[in-house]
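Work through the two exercises below with the sequence and the 3D view side by side, and try each task before you read its solution.

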Amino acid sequence: MRRMDGADVPLLPIVLAPDPVLKARARPVRDADAETVRALLPRMFATMYRAPGIGLAAPQVSVGLRVAVVDLMEGDKPAPIALINPQVAAASAELATREEGCLSLPGHYADVTRPARVKVRYLDVYGMGQEIEAEGLLAACLQHEIDHLDGVLFVDHLSALKRNMILRRMLKERRQKETA
Ligand code: NI
């Protein structure tokens with residue numbers, strides 16, 4: 001069986017913050033995008049597993065479509081979820097705070113508060129409507145990835161002070177890399 005971590009699949013470059021690509025709203029996937037999405041998904045999974053990360057949204061690989069991939073990597077076996085046009089259909093009033101990171105802000109982590117439980121509706125790779133009721137890490141991860149499709153990063157949930165501190169450090173690290 002062909003594995004989803006695909007050593008044979010070319011990886012995609014991950015866009016680092018700050019970058020206007022990460023602030024743009026992605027457009028919904030339409031029927032005409034089927035081929036694009038079918039080619040994109042294995043590459044997004046391979047890129048996410050290689051990073052490694054537990055979620056990756058299309059804008060992070062410079063694709064402005066409402067597509068995201070998730071795998072919490074909790075068990076021994078891969079549990080990939082491909083989300084097309086995902087949306088939060090319902091969210092609990094109860095909030096939960098957990099530490100988040102992002103492949104577009106490598107090495108930076110901060111506590112983010114979000115609804116503790118969400119119901120997410122999306123289309124799967126076959127174009128079938130699906131629904132997930134999530135809590136805990138999965139709830140946070142799904143909300144984080146859907147945020148990406150709206151041009152929102154986890155740092156946008158922080159105070160301006162904390163956000164600017166992280167973004168300034170990102171810029172500094174990038175300058176150091178460029179001059180190294
Ligand atoms: Ni992210």
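Two strands pair if DSSP finds at least two bridges between them, and the strands themselves (E, at least two residues), like the helices (H or I, at least four), are DSSP runs numbered from the N terminus. This is a predicted model, in which local features need pLDDT of at least 70, side-chain atom pairs count only at pLDDT 80 or more, and totals for chains, interfaces and linings use all residues. Residues are numbered from 1 along each chain as its sequence is written, and side-chain values use heavy atoms, with hydrogens and water left out.

**Exercise 1. Work out the strand order of the open sheet.**

Step 1: Begin with strand E3 (residues 81-91) and strand E6 (residues 117-123), which run antiparallel and are joined by five bridges; in this pair, Ala91 stands opposite Val118 in E6.

Step 2: Extend the sheet to its five strands, which gives the order E1-E2-E3-E6-E7 with antiparallel pairing.

Step 3: Check the ends, where strand E1 (55-57) and strand E7 (129-135) each pair on one side only and are therefore the edge strands by the pairing rule.

**Exercise 2. Find the protein donors of the nickel ion and place them in the chain.**

Step 1: Look for donors (N, O and S atoms within 2.8 Å of the metal, or 3.2 Å for Na, K and Ca; water is not among the atoms, so sites may look incomplete); Cys102 (SG), His144 (NE2) and His148 (NE2) lie 2.1 to 2.3 Å from the nickel ion.

Step 2: Read their spacing in sequence, which is C-x41-H-x3-H. Cys102 sits in the loop between strand E4 (95-100) and strand E5 (110-115), whereas His144, 42 residues apart from Cys102, belongs to helix H3 (residues 136-149).
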